[in-house]
Amino acid sequence: MIADDTIAAISTAPGVGAIAIVRFSGPDAWTIAQKIFSPRVFSESPKSEKHWTPKSHMATIGYIRKPDSEQYIDEVVLIAYQGPNSYTGEDLVEINCHGSPIVTREILTLALQNGARLAQKGEFTKRGFLSGRLDLTQAEAVLDIIHSKTERQSHLALSALKGHLGEEIKAVRKRLLELTTRIVAGIDFPEEVGELDLSDIEAVTDQAIERLESLARTARSGRYLREGLKLAIVGRPNAGKSSLLNALLNFERAIVTDVPGTTRDSIEEPVDVNGVPVILIDTAGVRATEDAVEQIGIERTKKAIDEAELVVFLIDGLKGIGHEEEVIAEKLLESGRSFLPVVNKSDLLRGEQSVGPLPNFSGSGENSREQSATTKMAGALSSPICAAAPLKISAKSGSGLDDLKGCIESWALADASLQELGGSLNQRQGELCHKSLDFLKALKQAAASGLPQDCLVTDLRSALGALDELSGDSVTEEVITEVFANFCIGK
Ligand SMILES: Nc1nc2c(ncn2[C@@H]2O[C@H](COP(=O)(O)OP(=O)(O)OP(=O)(O)O)[C@@H](O)[C@H]2O)c(=O)[nH]1
Ligand SMILES: [Mg+2]
């Protein structure tokens with residue numbers, strides 16, 4: 001679909017920079033360029049010879065000037081692209097000018113005065129999508145690259161931009177489409193083609209389910225990579241939570257003292273942990289206290305556990321396990337949060353000693369309350385996330401921090417499909433993937449229970465519909481508007 005108007009925008013970030021880019025796209029893009037641009041070679045030519053025609057994919061040095069006037073605005077490099085071989089699939093012009101907000105605004109105004117209109121958010125990419133240059137997963141990958149907070153995230157987004165996710169979806173779609181055609185042919189021409197065997201239907205459906213499940217699993221890591229993983233550090237006062245936050249951040253963000261109860265309120269800071277954007281939350285230490293302010297802080301710690309996706313349960317290696325740890329363990333186990341038990345102050349522990357006074361985990365408590373407390377503690381000190389739990393670290397010397405980072409990274413990006421597929425689904429894509437899976441599972445059930453094959457076609461078409469919406473092959477205007485509303489103007 002080719003638009004009938006021309007859009008223009010400043011594509012670089014606002015503010016002063018070495019260079020900036022103003023671009024326009026649409027049927028009049030080249031005409032506008034001819035009106036407001038004059039190649040440098042013309043400064044030596046007689047006026048009568050001053051007619052310039054852009055050449056596609058060629059850079060030309062020259063001046064932006066008001067049409068039919070000698071008033072120059074800037075010396076620039078202009079690159080013209082002839083559609084459909086451009087980012088938008090339309091005629092496109094990019095003006096690389098000096099990075100002054102005054103200059104960029106003047107150039108944009110000139111474009112607007114000469115036939116363009118101001119582009120909406122993401123409209124250049126939207127035009128690329130509508131003209132078939134990109135599918136919707138690629139367009140969304142552009143947004144992911146722009147907003148990536150870590151190198152890892154930008155590398156995965158680039159892989160999606162190259163079309164890897166889209167290809168995987170297309171491959172599943174192709175097999176399902178072939179299956180639909182084959183079933184329909186069997187229904188329409190029972191004599192010539194014959195009904196398809198149930199085992200063939202099951203084989204194709206199972207394979208599609210397996211591939212879509214791999215794709216759907218990447219949505220979890222995708223969420224952490226896009227939105228950041230919320231990680232709360234909890235423990236008794238003085239365990240070294242704020243010291244750990246500072247050590248992971250590599251700067252003294254939180255106040256650290258040897259006075260228990262130093263941190264009164266939760267502190268949040270973003271940090272890159274081995275390529276995972278993590279939002280670290282340092283919390284007030286948990287203990288019984290009469291202090292009203294501290295009590296509020298402890299309530300916030302409990303809230304932080306509920307809101308976090310992963311919790312570091314920090315144990316003071318010198319103090320070992322006490323009532324405070326039992327209270328925290330109880331809260332953690334009850335919340336169902338994933339957590340990592342970590343013993344701090346390893347620099348003060350002798351030899352093989354892993355933690356101060358550890359309780360006996362054999363369940364030998366005298367009464368049932370004690371027994372259940374020790375069982376809980378045993379559960380809280382082992383971790384399905386990390387075989388080496390409890391990890392031993394020193395927030396002071398930095399020892400063990402690499403292991404901790406490794407555990408956080410592998411928990412967040414545990415899924416092998418992420419590496420295999422070289423990309424991750426976003427929330428919209430994940431929901432559609434699940435929708436498609438639901439229809440395929442319903443189809444499998446219907447086939448197994450002996451329903452006629454025309455009933456299966458309905459589920460197959462619905463599964464295909466969800467995949468088409470995922471890739472953008474069939475998508476409503478509303479969805480397109482929502483996807484591109486997250487872009488910035490000029491992209
Ligand atoms: N030797 C040693 N001391 C540590 C370590 N981590 C923290 N400390 C010390 O322990 C004391 C308490 O550290 P904080 O980081 O303030 O502890 P916290 O858990 O944030 O304490 P609250 O805010 O009171 O809950 C400080 O004196 C730190 O220097 C460590 O790994 N080794
Ligand atoms: Mg603290």
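In this predicted model, the C-alpha centres of domain 2 and domain 3 sit 42 Å apart. The domain assignment splits the chain into three: domain 1 covers 6–133, domain 2 takes 144–223 plus 426–472, and domain 3 runs over 229–416. So which residues carry the boundary between domain 2 and domain 3? Start with the contacts: 10 residues of domain 2 touch 12 residues of domain 3. Together the two domains bury about 810 Å², with carbon and sulfur atoms giving 43% of that area. On the domain 2 side, Thr150, Arg152 and Arg220 account for 57% of the area buried against domain 3, more than any other three residues.

There is also some charge pairing here. The rule finds 2 salt bridges across the interface of domain 2 and domain 3. Have a look at Arg223 and Glu309, which form a salt bridge with their closest N and O atoms 2.9 Å apart. Arg223 falls within the first segment of domain 2, 144–223, and Glu309 within domain 3, 229–416.

Zooming out, the structure as a whole holds 26 salt bridges. Another one to pull up is Asp206 with Lys444, where the closest N and O atoms are 2.9 Å apart. This pair ties together distant parts of the chain: Asp206 belongs to helix 7 and Lys444 to helix 14 (residues 427–448), with their positions 238 residues apart in the numbering. Keep helix 7 and helix 14 on screen, as both come back with the pockets.

Now for the empty space. Rolling a probe the size of a water molecule over the atoms shows where empty space is left. How many cavities of 30 Å³ or more does a search of the whole structure find? The count is 2. The largest cavity has a volume of about 110 Å³. Its lining is made up of 14 residues, and those closest to the centre are Asp144, Leu156, Ala157, Arg226 and Ser424. Helix 4 (136–147), helix 5 (151–161) and helix 7 (198–227) each put at least two residues into that lining. Sorted by class, the lining has 6 nonpolar, 5 polar and 3 charged residues.

The second largest cavity holds about 30 Å³ of space. Around it you'll find Ala171, Val172, Arg175, Val204, Gln207, Ala208 and Arg211. Two elements give two or more residues to this lining, helix 6 (164–188) and helix 7. Helix 7 gives the most, with 4 residues. By class, the lining of the second largest cavity comes out as 4 nonpolar, 1 polar and 2 charged.

Next, the open spaces. The largest pocket has a volume of about 560 Å³. Of the 21 residues that line this pocket, Arg226, Asn426, Gln427, Arg428 and Asn486 lie nearest its centre. Arg226 should look familiar: it is also listed among the residues closest to the centre of the largest cavity. Which helices each supply at least two residues of the lining of the largest pocket? Helix 4, helix 7, helix 14 and helix 16 (477–485) do. Helix 7 has the largest share, 5 residues. As for chemistry, the lining of the largest pocket divides into 9 charged, 7 polar and 5 nonpolar residues.

The second largest pocket has a volume of about 390 Å³. It is lined by 25 residues, with Asn238, Gly240, Ser243, Val256 and Thr257 closest to its centre. Those five positions all fall within domain 3, 229–416. Here helix 8 (residues 241–249) gives the most to the lining, with 3 residues. By class, the lining of the second largest pocket splits into 12 polar, 8 nonpolar and 5 charged residues.

Last stop, a couple of backbone details. Most residues other than glycine have a negative phi, and most peptide bonds are trans. Against that background, Gly83 and Pro84 are joined by a cis peptide bond, with omega at about 5 degrees. Pro84 is in the loop between strand 5 (72–81) and strand 6 (92–99). His57, which is not a glycine, has a positive phi of about 60 degrees. Look for His57 in the loop between strand 3 (37–39) and strand 4 (58–65). Both loops belong to the stretch assigned to domain 1, 6–133.

Notes:
Residues numbered from 1 in each chain as written. Chains lettered and ligands numbered in written order. Predicted model: local features only at pLDDT ≥ 70, side-chain atom pairs only at ≥ 80, totals over all residues. Heavy atoms only, no water. 1 Å grid on protein atoms, 1.4 Å probe; cavity = no way out; pocket = protein on both sides within 12 Å on 5 of 7 lines; lining within 4 Å. Points joined across faces, edges and corners; volume = space filled by probe spheres on them. Nonpolar A, V, L, I, M, F, W, Y, C, P; charged D, E, K, R; others polar. Domains from an automatic or database assignment. Contact = heavy atoms within 4.5 Å. Buried area = accessible area lost by both parts, 1.4 Å probe. Salt bridge = Lys/Arg side-chain N within 4 Å of Asp/Glu carboxyl O.
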